[in-house]
Amino acid sequence: MDGIKYAVFTDKSIRLLGKNQYTSNVESGSTRTEIKHWVELFFGVKVIAMNSHRLPGKGRRMGPIMGHTMHYRRMIITLQPAHRCGKGRNARGIITAGHRGGGHKRLYRKIDFRRNEKDIYGRIVTIEYDPNRNAYICLIHYGDGEKRYILHPRGAIIGDTIVSGTEVPIKMGNALPLSAV
C-alpha cells in the first residue's frame with residue numbers, strides 16, 4: 001500500500017461515511033488503478049468509483065512561498081455496500097437462532113425495477129447470477145452512459161438491445177406501462 005498515505009477525518013468526510021464513501025490522502029505519483037487494486041486487495045471490498053482532487057498548496061492558501069507544492073492529493077473512494085446478514089445473531093452479537101449462519105459473503109446489486117430511462121436504448125453486456133434473489137440479472141449499458149442492473153428476461157442474450165417507454169415495440173426485455181399494452 002505504497003500509494004495510500006492516511007485516512008482523512010473532516011466534517012465532509014464524516015458526512016460521506018453515511019454514503020459508503022471513504023476519504024484518504026494518496027501520493028501524487030500513484031494512479032487510480034493502483035489505489036483501487038490495493039484497496040480491494042487489503043480490505044476485501046469492491047470499489048465502485050474513485051474521485052480525486054489536488055488540494056491547494058500552502059502558497060495558494062496563505063501567500064506566496066517559492067517552491068512549495070503538495071506531494072499528495074485527496075481521494076474519495078466509494079465502496080459497494082455489502083449485504084447485511086444477521087447470521088442468527090441479535091444486536092449484541094449473541095447467537096439466538098442456532099440453525100442460521102455461515103454462508104458466503106454476498107455483495108448487494110441494486111436492481112432497477114422502475115426502468116425510468118425512457119426512450120433510451122440499452123445493450124445487455126453481462127448476464128450474471130444474483131445470490132441475493134435466486135435469479136439471474138443483466139447489466140445494461142444505456143446510450144447516455146449510465147449502467148444499471150435489471151432482472152434477466154428469459155430468452156434475452158448478451159448484445160440484445162432493450163428500451164422502456166410508451167411507444168416501444170412489444171418484445172422480450174422492453175418495458176411498457178400497462179396503458180400502452
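Which helix does Lys 12 lie in? Lys 12 lies in helix α1, which covers residues 11–16. The views below all come from a predicted model.

**View 1. Lys 12 in helix α1 and its distance to Thr 23.** Lys 12 has a relative accessible area of 47% and is partly exposed, because that value lies between the 20% and 50% limits. Thr 23 is eleven residues away from Lys 12 along the chain. The C-alpha atoms of Lys 12 and Thr 23 are separated by 9.1 Å.

**View 2. Thr 78 in strand β4 and its surroundings.** Strand β4 spans residues 72–79 and includes Thr 78. Thr 78 counts as buried because its relative accessibility is 13%, under the 20% limit. The side chain of Thr 78 is joined to the side chain of Gln 21 by a polar contact of 3.2 Å. When neighbours within four places in sequence are left aside, Gln 21 is again found in contact with Thr 78, together with Asn 20, Lys 46, Val 47, Ile 48 and Ala 49.

**View 3. The largest nonpolar core.** Nine residues make up this core: Ile 4, Val 26, Ile 35, Val 39, Val 47, Met 50, Met 75, Ile 77 and Leu 79. Two or more residues each are given by α2 (32–43), β3 (47–53) and β4. Strand β4 supplies the largest share, three residues. Ile 35, one of the core residues, touches Gly 3, Ile 4, Val 26, Ser 30, Met 50, Met 75 and Ile 77, not counting residues up to four places away in sequence. A second, separate core has seven residues, among them Ile 124, Ile 140, Tyr 142 and Ile 150.

**View 4. The open sheet of strands β7, β6, β5 and β8.** The four strands are arranged in the order β7-β6-β5-β8, and their pairing is antiparallel. Strands β7 (147–151) and β8 (161–162) are at the edges, and each pairs on one side only. Strand β5 (residues 122–130) pairs with β8 over two bridges, in the antiparallel sense. Between β5 and strand β6 (residues 135–142) there are eight bridges, also with antiparallel pairing.

**View 5. Gly 122 and the β5–β6 hairpin.** Which residue of β8 stands opposite Gly 122? That residue is Ile 162. In β6, Gly 122 has Tyr 142 as its bridge partner. Strands β5 and β6 form a hairpin, with four residues between them. In the turn, Asn 134 has a positive phi of about 55 degrees.

**View 6. The aromatic pairs.** How many aromatic pairs does a search of the whole structure find? The search finds two. In one of them, the rings of Trp 38 and Phe 42 have centres 5.3 Å apart and planes at 15 degrees, so the pair is stacked. Both residues of this pair, Trp 38 and Phe 42, lie in helix α2, four residues apart, or about one turn of the helix. Trp 38 counts as partly exposed at 26% relative accessibility, and Phe 42 is partly exposed with a relative accessible area of 48%. Tyr 129 and Tyr 136 also form an aromatic pair, with 5.5 Å from centre to centre and 70 degrees between the planes, and this pair is edge-to-face. Tyr 129 is partly exposed, with a relative accessible area of 42%.

**View 7. Arg 148 in strand β7 and its polar contacts.** Is Arg 148 buried or exposed? Arg 148 is buried, because its relative accessible area is 18% and the limit for burial is under 20%. The side chain of Arg 148 makes a polar contact of 2.8 Å with the side chain of Asn 116. Another polar contact, of 3.4 Å, joins the side chains of Arg 148 and Glu 117. Not counting residues up to four places away in sequence, Arg 148 touches Asn 116 and Glu 117 as well as Asp 112, Cys 138, Leu 139, Ile 140 and Tyr 142. Ile 140 and Tyr 142 are also among the residues of the second nonpolar core.

Definitions and conventions. Residues numbered from 1 in each chain as written. Predicted model: local features only at pLDDT ≥ 70, side-chain atom pairs only at ≥ 80, totals over all residues. Heavy atoms only, no water. Buried < 20%, exposed > 50% of the residue type's maximum accessible area, 1.4 Å probe, protein only. Polar contact = N/O pair within 3.5 Å; in protein donor to acceptor, adjacent residues only side chain to side chain. Contact = heavy atoms within 4.5 Å. Pairing = 2+ DSSP bridges. Core = buried A, V, L, I, M, F, W, Y, C linked by side-chain atoms within 4.5 Å. Phe/Tyr/Trp six-rings, centres within 6.5 Å; stacked < 30°, edge-to-face > 60°.
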